[in-house]
Amino acid sequence: MKKALALLIPAVLLAGCGSEDPESSKIQVTILGTIKGEIAPQFEDAMAAYNASQNQYELVSLPVDGNAYEKMTALYASRNAPTIMVMGQEAQELKDKLMDFSQSELLKNAYPGTYDVVKDGERVLGLPITVESFGFLYNKAVLDAAVDGQFEPDSINTQDKLAALFEQVSALESVDAVSVSPMDWSLGAHFSNVLFANQGNELGANLEALEAIKAGKVSLEQSDVYNGWVDTFDLMKQHNKSKRSPLAPTYDESAMALAQGEVGLWFQGSWLIPCCMS
């Protein structure tokens, strides 16, 4: 199931310009990015440990309320740009402002392909700091009960098998097959990404396919990738725990439902693992 449904995405660390606090002997290094709630305590502890070890530099996290890109452009406009930005595709919009890492020793530690999205010709405008995946997370105890044995995720490699699994989970008492979160970043970005990222075998081919779709040169109705994607979504809608009010569930409610065995699967990503396993 991971091979069929999971997609790896890089989060990229990009350097801009630094700022020095005139009232302090320490140089402030500001970080702008989405600090995920699931890892916020660990991130704050790491920042505190770094700052305690430094006489020259101080890391400062800038809060982001709403759209990170809008926050970033506003900071640039006010001549108060952050030193470091956690982002990805926005690099192309800001490529004239970003540091080139193509000759950096740090780049040798990056897996091939993880920084393609921030390349500008021969320049590499950022460094990958993590790899995340999204797809179906599942409650092992629930799925073991549903299949009456040891659930093997690799066995779910067709839509028919996924549909059968949903039916098996739904047959359990007081358990729904899947939770579908209504957040735009989940369905509007992550799930849609599965469609676009499978148009080709690498980034360039995917971008070419997107341009062809935009130009009306591709019939989605005749696309096996598109139809498979829609069929999977239809299965999710059919078996959704909240199908009668699909916009109602919150992120926290869905996490609790998966952790407590009220649903068997949830379309989300690897960032949820610390939350659901704690």
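These notes cover the chain as a whole and then helix α7, in a predicted model.

1. **Overall make-up.** The chain holds 10 helices and 10 strands. Of its 278 residues, 35% are buried.

2. **Contacts and surface.** Take the contacts with a separation of 6 or more: 71% of them join residues 24 or more positions apart. The exposed area of the chain is about 16300 Å². Carbon and sulfur atoms supply 51% of that area.

3. **Span of α7.** This helix runs over residues 203-214, 12 residues in total. From first C-alpha to last it reaches 17 Å. That is close to the 16 Å expected at 1.5 Å a residue.

4. **Buried face.** Asn206, Ala209 and Ala212 are the buried residues to look at in α7. Viewed down the helix axis, the buried residues fall within an arc of 120 degrees, so they line one face of α7. The spacing fits a general rule: an α-helix has 3.6 residues a turn, so residues three or four places apart point the same way.

5. **Packing partner.** What do the buried residues of α7 pack against? They pack against α6, residues 184-197.

6. **Exposed side.** Glu208 and Lys214 sit on the other side of α7, and both are exposed.

7. **Ends of α7.** At the N-terminal end, glutamate 202 acts as the cap. One of its side-chain oxygens lies 2.8 Å from the backbone nitrogen of glycine 204. Past the other end, just after α7, glycine 216 takes a positive phi of about 75 degrees.

Terms used. Residues are numbered from 1 along each chain as its sequence is written. This is a predicted model: local features need pLDDT of at least 70, side-chain atom pairs count only at pLDDT 80 or more; totals for chains, interfaces and linings use all residues. Side-chain values use heavy atoms; hydrogens and water are left out. Helices (H or I, at least four residues) and strands (E, at least two) are DSSP runs, numbered from the N terminus. The expected span of a helix is 1.5 Å times one less than its number of residues. Buried means under 20% relative accessible area, exposed over 50%, partly exposed in between (1.4 Å probe, protein chains only). The arc is that of the directions from the helix axis to the C-beta atoms. Contact means heavy atoms within 4.5 Å. A polar contact is a pair of N or O atoms within 3.5 Å; within protein, one must be able to donate a hydrogen and the other to accept it, and residues adjacent in sequence count only if both atoms are side-chain atoms. Accessible areas come from the Shrake-Rupley method with a 1.4 Å probe; for residues, only the protein chains shown count as cover.
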